[in-house]
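Please take a moment with the sequence and the model before reading on. The paragraphs below move from the whole chain to single residues.

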Amino acid sequence: MVQLSNPSRELRSTQVLVRFCLRMIVIGIFAALGGIGFGKSLAALLWMSIILCAVIGVMKRERPFGAVLNHWDETMAYAALFALISGFDHSVPV
């Protein structure tokens with residue numbers, strides 16, 4: 001018989017994933033409407049999300065790399081996306 005570890009942990013991790021997806025949708029919409037271009041707007045918004053999630057993680061005293069997803073995991077996801085976007089966003093003078 002398979003036993004669930006802790007339903008509240010799974011629910012909390014699901015909430016973090018849903019929160020991340022909703023924030024990415026909002027960030028994508030704002031980046032599309034940004035006047036400086038989609039790539040630069042997306043990079044700036046991701047950078048602000050990194051700072052916001054790190055500050056919230058510190059304020060809530062969440063432990064990084066815990067068994068349950070939290071703001072630190074979100075910070076790492078935004079940082080990875082920022083690194084990916086900034087790797088593609090090179091302007092070459094013509």
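In which helix of the protein is confidence lowest, and in which is it highest? This is a predicted model, and its confidence is lowest in H1, at a mean of 87, and highest in H2, at 93. For the protein as a whole, the mean pLDDT is 85, and 82% of the residues reach 70 or more. A caution belongs here: where pLDDT is low, the predicted coordinates should not be read in detail.

With that in mind, we can look at the overall plan. The secondary structure comes to 3 helices and 0 strands, so that a reader who follows the sequence meets the pattern α-α-α. Of the 94 residues of the protein, 21% count as buried, and the protein exposes about 6,900 Å², of which carbon and sulfur atoms supply 71%. Among the contacts between residues at least 6 apart in sequence, 58% join residues at least 24 apart.

Helix H2 runs over residues 38-59, and its length can be checked with a short piece of reasoning. At 1.5 Å a residue, the 22 residues of H2 should span 32 Å, and because the C-alpha atoms at its ends are 31 Å apart, the expectation and the model agree. The buried residues of H2 include Ser41, Leu42, Ala43, Leu46, Ser49, Ile50, Cys53 and Gly57. When reading such a list, it helps to recall that an α-helix has 3.6 residues a turn, so residues three or four places apart point the same way. Just after H2, Arg61 takes a positive phi of about 55 degrees.

Ser41, which lies in H2, deserves a closer look. Is Ser41 buried or exposed? Its relative accessibility is 8%, and because buried means under 20%, Ser41 counts as buried. A polar atom of the Ser41 side chain lies 2.8 Å from the backbone oxygen of Gly37. If the neighbours within four places in sequence are left aside, Ser41 is in contact with Ala31, Gly34 and Ile36.

Val26 offers a second case, this time in helix H1, which covers residues 7-33. Val26 has a relative accessible area of 42%, and because this value falls between the 20% limit for buried and the 50% limit for exposed, the residue is described as partly exposed. Although Val26 and Leu45 are 19 residues apart in sequence, their C-alpha atoms are 10.0 Å apart in space.

Key: Residues are numbered from 1 along each chain as its sequence is written. This is a predicted model: local features need pLDDT of at least 70, side-chain atom pairs count only at pLDDT 80 or more; totals for chains, interfaces and linings use all residues. Side-chain values use heavy atoms; hydrogens and water are left out. Helices (H or I, at least four residues) and strands (E, at least two) are DSSP runs, numbered from the N terminus. Buried means under 20% relative accessible area, exposed over 50%, partly exposed in between (1.4 Å probe, protein chains only). A polar contact is a pair of N or O atoms within 3.5 Å; within protein, one must be able to donate a hydrogen and the other to accept it, and residues adjacent in sequence count only if both atoms are side-chain atoms. Contact means heavy atoms within 4.5 Å. The expected span of a helix is 1.5 Å times one less than its number of residues. pLDDT is the predictor's confidence in each residue, from 0 to 100. Accessible areas come from the Shrake-Rupley method with a 1.4 Å probe; for residues, only the protein chains shown count as cover.
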